[in-house]
Amino acid sequence: MTTDFPFAETGRVCLFGRPEAARYSYRLAVPYLYLVLSDERPFKPHPTKKHYVEPNPTRWHLLTIDVRTGDILQDFPLGSGKLAECRIEDVDEQGLLIGKSSQELLYYAKTL
């Protein structure tokens, strides 16, 4: 079964197109797909160096999708402040380990 997921409808930015970021932006733990998405692009062009980017701190969210139906089950913010980076470090049967700007690790227990 293939589901065309409407990322634009979430109002979030998905990093699948950036290999260095996409590696940590999702995890599949059947039957759920967990995505870390941002309100804005987490990188912006460097003001003077043409082929460089710099961090663009933004707010991050954890989205939980049921892969059987394509339904969004959860969409909640990962804190209230803007962060340069947020990623899924690991997932197990009980929850997810989320890294915030390489300074903080938080464990989110599954509630589904």
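This note goes through the strands, their pairing and the salt bridges of a predicted model.

1. Strand β5, which spans residues 60-66, is a good place to begin, since it is mostly covered, with seven of its seven residues buried. The cover extends to both faces of the strand: on one side lie Trp60, Leu62, Thr64 and Asp66, on the other His61, Leu63 and Ile65, and all of these are buried.

2. On the pairing of this strand, β2 and β5 run antiparallel and are joined by seven bridges. A reader who wishes to find this pairing in the structure may look at Tyr34, whose bridge partner in β5 is Thr64; Thr64 has already been named among the buried residues of that strand. As a general matter, the strands of a sheet pair through backbone hydrogen bonds, in either a parallel or an antiparallel manner.

3. Strand β5 also pairs with strand β6, made of residues 72-77, again in the antiparallel sense and over five bridges. Here Leu63 can serve as a guide, as its bridge partner in β6 is Asp75. The hairpin of β5 and β6 has five residues between the strands, and within this hairpin Gly70 takes a positive phi near 80 degrees.

4. Strand β2 covers residues 32-38, and Ser38 has its place in this strand. Ser38 counts as buried because its relative accessible area is 0%, which lies under the 20% limit for that class. The side chain of Ser38 reaches the backbone oxygen of Glu40 at a distance of 2.5 Å.

5. Glu40 also takes part in a salt bridge, in which its side chain meets that of Lys82 with an N to O distance of 3.6 Å. This pair links distant parts of the chain, given that Glu40 sits in the loop between β2 and β3 (43-45) whereas Lys82 sits in the loop between β6 and β7, 42 residues apart. Glu40 is partly exposed, with a relative accessible area of 34%, and Lys82 is likewise partly exposed, with a value of 42%.

6. A search of the whole structure finds five salt bridges, and another of them is formed by Asp66 with Arg68, where the closest N and O atoms are 2.7 Å apart. Asp66, a residue of the covered strand β5, is buried because its relative accessible area is 8%.

7. A separate point concerns the open sheet formed by three strands in the order β7-β8-β9, in which the pairing is antiparallel. Its edge strands are β7 (86-91) and β9 (104-109), each of which pairs on one side only. Neighbouring strands of this sheet are turned against each other by 30 degrees on average, with direction ignored. Between β7 and strand β8, which consists of residues 95-100, there are five bridges in an antiparallel arrangement, and Val91 stands opposite Leu96 in β8.

8. Finally, Glu89 and Arg87 form a salt bridge whose closest N and O atoms are 2.8 Å apart. Salt bridges that share partners join Glu85, Arg87 and Glu89 into one network. Of the residues in this network, Glu89 is partly exposed, with a relative accessible area of 28%, and Arg87 counts as partly exposed at 22% relative accessibility.

Key. Residues are numbered from 1 along each chain as its sequence is written. This is a predicted model: local features need pLDDT of at least 70, side-chain atom pairs count only at pLDDT 80 or more; totals for chains, interfaces and linings use all residues. Side-chain values use heavy atoms; hydrogens and water are left out. Helices (H or I, at least four residues) and strands (E, at least two) are DSSP runs, numbered from the N terminus. Buried means under 20% relative accessible area, exposed over 50%, partly exposed in between (1.4 Å probe, protein chains only). A polar contact is a pair of N or O atoms within 3.5 Å; within protein, one must be able to donate a hydrogen and the other to accept it, and residues adjacent in sequence count only if both atoms are side-chain atoms. Two strands pair if DSSP finds at least two bridges between them. Axes are lines fitted to C-alpha atoms, for helices over the stretch in contact, and angles run from 0 to 180 degrees between N-to-C directions. A salt bridge is a side-chain nitrogen of Lys or Arg within 4 Å of a carboxyl oxygen of Asp or Glu.
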